[in-house]
Amino acid sequence: MDHTASIRLDEKEFSLPVMVGTEGEKAVDTRKLRVDTGYICYDQGYGNTGSCTSGITYLDGDNGILRHRGIPIEQLAESSDFVETAYLVIYGELPNAAKRKEFGMKLRQNAAIEMQMQRIFEGYPRDAPPMAMLSSIVASLAAHYPDLATNSFERDLANFDLAAAMAISKVRTIAAMIYRYQKGLPYVFPKQDLPFCDNFLHMMFSEPYQDYVAVPEVARALNLLLLLHVDHEQNCSTSTVRTVGSSASNLFTSISAGICALSGPLHGGANVSVMQMLHAIHAEGDDGTRFIAAAKLGSKDSRLMGFGHPVYRNFDPRAKIIGKACESVLQKLGIKDPLLDIAKRLEEAALKDDYFLSRKLYPNVDFYSGIIMRALGIPTSMFTVIFAIGRTPGWIANWHEVAATPKGRIYRPRQVYIGPVKRDYVPIVQRV
Ligand code: ACO
């Protein structure tokens with residue numbers, strides 16, 4: 001195969017190297033294009049731009065494939081759990097028994113939020129948006145643990161294992177505390193002897209003098225949800241984490257930026273929008289026909305939430321897993337949720353509709369995840385926060401990849417300027 005591409009610009013021919021990834025993904029290396037030709041590549045929103053090489057996650061959107069460190073998501077969902085998959089994504093291999101124990105221990109030992117940090121919560125209104133609270137409190141970890149967050153690649157990499165465990169464990173504790181704070185309930189502190197998800201549910205739902213003990217189905221369902229969100233290649237929040245990290249910003253502030261990116265309804269906030277949509281359909285007594293008709297008008301404000309994906313043009317493999325899990329969890333817990341019936345009807349109708357078929361719009365991971373969370377007693381306002389807990393290992397792995405890349409460059413895209421051409425300053429208001 002010829003490992004160069006040619007481009008003809010201004011009557012001159014230039015050759016560009018071609019790169020091929022381990023799964024055969026091909027890319028034209030345009031790094032020198034501007035220097036050689038004066039041209040840049042225009043790719044609004046980077047939809048067709050590889051901003052990095054990465055060994056973490058392989059995603060083939062046309063064929064509905066998602067693999068972490070080579071292992072298919074279906075196998076991980078079937079046989080692994082959140083903590084093990086987090087380890088795999090961060091460190092590149094599944095942990096052996098000793099490594100798993102050590103990692104679990106670090107998570108347990110770093111779960112608590114110190115008294116000084118607890119006071120930060122009091123500065124927020126009770127009804128503050130949880131993702132806004134989460135991002136700022138996570139950023140404040142850098143202020144509370146300055147030795148782990150020095151803004152030096154070398155020093156922060158030296159402390160990476162501790163900072164990574166701290167981020168995973170504390171994001172979960174902060175999330176539960178946000179929930180308690182908003183409800184005006186006293187905080188419940190983590191227990192050293194509980195597994196990751198059980199501990200989260202304990203911190204969320206325990207009452208004074210009455211510990212919440214998660215039934216295995218509930219803990220398992222939460223585990224699956226978190227596992228399915230662990231990483232997803234160069235999505236909006238992960239590329240934000242990489243961008244911020246590329247300036248040598250520490251792990252905590254980089255994750256905080258990822259949380260901000262995740263909060264938008266076109267990204268992590270979509271699961272909230274899905275629930276709002278399902279509630280609205282339920283309240284109207286509609287069967288979804290009106291929503292489908294409105295979604296087909298093409299306005300960004302009336303899209304069928306939980307449908308479509310920037311990279312999956314076939315199906316989202318996570319949506320398949322979660323759709324099945326949703327039914328079985330509700331069945332096991334003996335819950336009959338009319339929103340699940342509406343979601344299934346909506347999916348069925350949309351998948352027969354030429355508008356959605358021709359645009360390759362299928363349910364994404366957010367379409368059913370909200371219904372599971374609702375069954376677990378998690379309020380809608382916390383859905384995106386749960387997504388953030390799940391995605392933290394992926395952000396960490398990507399931050400590490402950036403920090404550990406020798407001679408990596410700061411992320412700094414270019415633009416095609418379309419503003420006014422040079423003009424003189426002519427005051428409109430006369431100064432006195
Ligand atoms: N409902 C109705 N029409 C849609 C939808 C939808 N959910 N999604 C895309 N379309 C239409 C667009 O209007 C466009 O139509 P056109 O060709 O007639 O102009 C066509 O499908 C292609 O849409 P794009 O905007 O190019 O799709 P893109 O890949 O940029 O957007 C996105 C992907 C943002 C996920 C979009 O599908 C969407 O808004 N979905 C609903 C929100 C959602 O579920 N987001 C979570 C996605 S997962 C994540 O975290 C990124």
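Trainee: How many cavities of 30 Å³ or more does a search of the whole structure find?

Mentor: Happy to start there. The search turns up 1 cavity of that size. Keep in mind that this is a predicted model. A cavity is a space where a 1.4 Å probe fits but cannot get out, and here the largest cavity holds about 40 Å³.

Trainee: Which residues line the largest cavity, and of what class are they?

Mentor: The lining is made up of G308, H309, Y312, N314, F315, D316, K360, Y362, P363 and N364. Sorted by class, 4 are nonpolar, 4 polar and 2 charged.

Trainee: Now to the helices. Is α6 mostly covered or mostly uncovered?

Mentor: Burial is a matter of relative accessible area, with under 20% counted as buried. In α6, which spans residues 130–139, 7 of the 10 residues are buried. They are P130, M131, M133, L134, S135, I137 and V138.

Trainee: What do the buried residues of α6 pack against?

Mentor: Their partners are five helices in your viewer: α5 (115–121), α7 (141–144), α9 (160–182), α13 (251–262) and α20 (383–403).

Trainee: Good. Which residues come nearest to the ligand?

Mentor: There are 18 residues around the ligand, and H267, R303, L304, F307 and Y355 come nearest.

Trainee: And where are N or O atoms of the ligand and the protein paired?

Mentor: For a polar contact, look for N or O atoms within 3.5 Å of each other. An oxygen of the ligand sits 2.8 Å from a side-chain N or O atom of R303. On the backbone side, a ligand nitrogen is 2.8 Å from a polar atom of L304, and a ligand nitrogen is 3.4 Å from a polar backbone atom of L266.

Key:
Residues numbered from 1 in each chain as written. Predicted model: local features only at pLDDT ≥ 70, side-chain atom pairs only at ≥ 80, totals over all residues. Heavy atoms only, no water. 1 Å grid on protein atoms, 1.4 Å probe; cavity = no way out; pocket = protein on both sides within 12 Å on 5 of 7 lines; lining within 4 Å. Points joined across faces, edges and corners; volume = space filled by probe spheres on them. Nonpolar A, V, L, I, M, F, W, Y, C, P; charged D, E, K, R; others polar. Buried < 20%, exposed > 50% of the residue type's maximum accessible area, 1.4 Å probe, protein only. Helix = DSSP H or I, 4+ residues; strand = E, 2+ residues; numbered from the N terminus. Contact = heavy atoms within 4.5 Å. Near = heavy atom within 4 Å. Polar contact = N/O pair within 3.5 Å; in protein donor to acceptor, adjacent residues only side chain to side chain.
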